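Please examine the sequence and the three-dimensional model shown here. The explanation proceeds through the structure step by step.

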Amino acid sequence: QVQLVESGGGLVQPGGSLRLSCATSGIIFRLSAMGWYRQAPGAERELVAYIFRTGTTNYADSVKGRFAISSDNAKNTAYLQMNSLKPEDTAVYFCYARISGSEYWGQGTQVTVSS
């Protein structure tokens, strides 16, 4: 059974930084991509950043230049470095992975940006 576990969320002041981690467990075969999505109260879940196993990345326009996604292929782990955080970044952040053609999601971690 594949599981994704996020960590690193919390409360931060505007302009601050946080680093999220997403660790996988279980039998991982053909992990092709990992990513981060977020969902704010009353809003739909939206893509934040995505990274393919090849290293190719994709970002939402709202986070370009502030967030950086990376991965450790040996550990099947993904990271999201979030800098210059804004109140509008407040949301539950979900890790995503595509493994053997199937989609997997983490349980989410809360990020709150507030003074």
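The paragraphs below treat a disulfide and then an acidic residue that touches it.

The model is a predicted one. Its disulfide count comes to 1. The bond joins Cys 22 and Cys 95, with 1.9 Å between the two sulfur atoms. This separation falls within the 2.5 Å that defines such a pair. A disulfide is a covalent bond between the sulfur atoms of two cysteines. The angle about the S-S bond is -85°, and the link of Cys 22 and Cys 95 is left-handed. Distant parts of the chain are thereby linked: Cys 22 belongs to strand E3 (residues 18-25), Cys 95 belongs to strand E9 (residues 91-99), and the two are 73 residues apart. Both cysteines, Cys 22 and Cys 95, are buried.

Attention now turns to Glu 6, which is located in strand E1 (residues 3-7). Not counting residues up to four places away in sequence, Glu 6 touches both Cys 22 and Cys 95, and its contacts also include Ser 21, Trp 36, Tyr 93 and Phe 94. Gly 106, Gln 107, Gly 108 and Thr 109 are likewise among the residues that Glu 6 touches.

Which side chain of opposite charge is nearest to Glu 6? That side chain is Arg 45, 7.7 Å away; Glu 6 is buried yet has no salt bridge. A salt bridge would require a distance within 4 Å. The side chain of Glu 6 does, however, reach backbone nitrogen atoms. One belongs to Gln 107, at 3.1 Å. Another is the backbone nitrogen of Gly 108, which lies 3.0 Å from a polar atom of the Glu 6 side chain.

Methods:
Residues are numbered from 1 along each chain as its sequence is written. This is a predicted model: local features need pLDDT of at least 70, side-chain atom pairs count only at pLDDT 80 or more; totals for chains, interfaces and linings use all residues. Side-chain values use heavy atoms; hydrogens and water are left out. Helices (H or I, at least four residues) and strands (E, at least two) are DSSP runs, numbered from the N terminus. Buried means under 20% relative accessible area, exposed over 50%, partly exposed in between (1.4 Å probe, protein chains only). Lys and Arg count as positive and Asp and Glu as negative; His and the chain ends are not counted. A polar contact is a pair of N or O atoms within 3.5 Å; within protein, one must be able to donate a hydrogen and the other to accept it, and residues adjacent in sequence count only if both atoms are side-chain atoms. Contact means heavy atoms within 4.5 Å.
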